Amino acid sequence: ERRVAAFESLTKIPELKPVPRHRLSDEIEKIVQEHLKFDLVDDFNSNIWELLAADGEMKVYRRELEENGIVLDPLKAVHSVKGVTGHEVCKYFWDPAVRMEWEGTLDSSRMLEALSDDTLIFNQVHKRVWPAAQRDTCFWSHIRSVSKENKNDLDDWIVVNYSTTHDSAPIKEPMIRAWANVALICSTIILNRDKYADLSSVPRENLVCKITYVAQVNPGGWAPANVLRAVYKREYPKFLKRFTQYVMDKTKKLPILL
Ligand code: 14H
């Protein structure tokens, strides 16, 4: 099986290289395949999802779920962004060098380890949600392309952020460790594809990036349900709007990352 790495710094020319196996390879493979299998299913007419917010092409849904009084509401959002590729959207979501430029919900982000060119481990401290105790998270973050059968299509791209443990990130009270399984999946549509001999000659204005974002967050301990739900309702749409605008602004004058 030929796996292709997705790592390149924002300034370097894209490069494809195989990624060596490491201690989390099997877990990552399983979680990525689950996301690719389930997240893209269009289940919005099944009335399991409640529309939380809508703004233009962006729609944010949630499913109310509580366990022992702890809010676990699964979240699913879709968006459609013009002029960018899925590779670009996923790269900016994954790249720690630009995270604090678009993240509005963090006090800090610390990279603990690079497991491979496509997988990093982070410890992040989330902005405190009054009156609950502050939360931090420790997770691996993996980026990869998913090739399409048709050679005229651009690859799909996915980033998964999945909670893990790490020796360099012990839980320090009174901080509470939150747990999460988050995925960003992007599919790029090319308008008037037949007008262009090859992908490299397609102009930005003909690109549409279809985004699916899913988040399952466990706050890791009690926090007032009404406060948490109000924060989610405010922050997820804000993130999607701000982050996608950020990618559009950043890439506007750059060559297209196919
Ligand atoms: O996805 C988003 N951000 C990434 C990159 O920083 C990290 C995120 C994540 C969250 C939780 C655990 C692991 C990884 O994928 C944007 C998220 C924006 C909306 C955040 C809403 C508040 C989340 C608070 C988490 C603490 C729960 C009390």
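Which pocket does the space taken by the ligand form? In this predicted model, the space that the ligand takes is the largest pocket. The shell of residues that surrounds the ligand numbers 18, and the closest of these are E103, Q124, N161, A180 and Y213. Sorted by class, the shell around the ligand comprises 11 nonpolar residues, 4 polar residues and 3 charged residues. Two or more residues of this shell are given by each of the helices α3 (99-102) and α4 (225-251), and likewise by each of the strands β7 (119-126), β8 (135-146), β11 (179-190) and β12 (207-218).

Among the closest residues, several place polar side-chain atoms beside oxygen atoms of the ligand. A polar atom in the side chain of E103 lies 2.7 Å from an oxygen atom of the ligand, and a distance of 2.7 Å likewise separates a polar side-chain atom of Y213 from a ligand oxygen atom. For Q124, an N or O atom of the side chain is found 3.1 Å from an oxygen atom of the ligand. The ligand on its own has 660 Å² of accessible area, of which the protein covers 96%.

Burial was also examined in the protein itself, beginning with strand β11, one of the elements that give two or more residues to the shell around the ligand. A183 is located in this strand, and because its relative accessible area is 0%, under the 20% limit, A183 is classed as buried. Between the C-alpha atoms of A183 and D42 the distance in space is 16 Å, while the two residues are 141 residues apart in sequence. R204, which is located in the loop between β11 and β12, has a relative accessibility of 14% and therefore also counts as buried. The C-alpha atom of R204 is separated by 29 Å from that of V32, a residue 172 positions away along the chain.

Helix α2, which spans residues 86-94, is largely enclosed by the rest of the structure, because 9 of its 9 residues are buried. The buried residues of α2 are G86, H87, E88, V89, C90, K91, Y92, F93 and W94, a list that includes the charged residues E88 and K91.

Several features of the backbone fall within loops. The peptide bond that leads from W130 to P131 is cis, with an omega near 5 degrees, and P131 itself is placed in the loop between β7 and β8, both of which are elements that give two or more residues to the ligand shell. A cis peptide bond also joins E173 and P174, where omega is about 10 degrees; P174 belongs to the loop between β9 (156-163) and β10 (176-177).

Positive phi values occur at N47 and N68, neither of which is a glycine. In N47 phi is about 50 degrees, and the residue lies in the loop between α1 (25-38) and β1 (50-55). With a relative accessible area of 69%, which is over the 50% limit, N47 is therefore classed as exposed. In N68 phi is near 50 degrees, and this residue is found in the loop between β3 (66-67) and β4 (70-71). N68 likewise counts as exposed, because its relative accessibility is 79%.

Key
Residues are numbered from 1 along each chain as its sequence is written. This is a predicted model: local features need pLDDT of at least 70, side-chain atom pairs count only at pLDDT 80 or more; totals for chains, interfaces and linings use all residues. Side-chain values use heavy atoms; hydrogens and water are left out. A residue is near a molecule or strand if one of its heavy atoms lies within 4 Å of it. A polar contact is a pair of N or O atoms within 3.5 Å; within protein, one must be able to donate a hydrogen and the other to accept it, and residues adjacent in sequence count only if both atoms are side-chain atoms. Accessible areas come from the Shrake-Rupley method with a 1.4 Å probe; for residues, only the protein chains shown count as cover. On a 1 Å grid over the protein atoms alone, a cavity is a set of points where a 1.4 Å probe fits but cannot get out, and a pocket is an open set with protein on both sides within 12 Å along at least five of seven lines; lining residues have an atom within 4 Å of a point. A molecule sits in a cavity or pocket if more than half of its atoms lie within 2 Å of its grid points. Helices (H or I, at least four residues) and strands (E, at least two) are DSSP runs, numbered from the N terminus. Buried means under 20% relative accessible area, exposed over 50%, partly exposed in between (1.4 Å probe, protein chains only).
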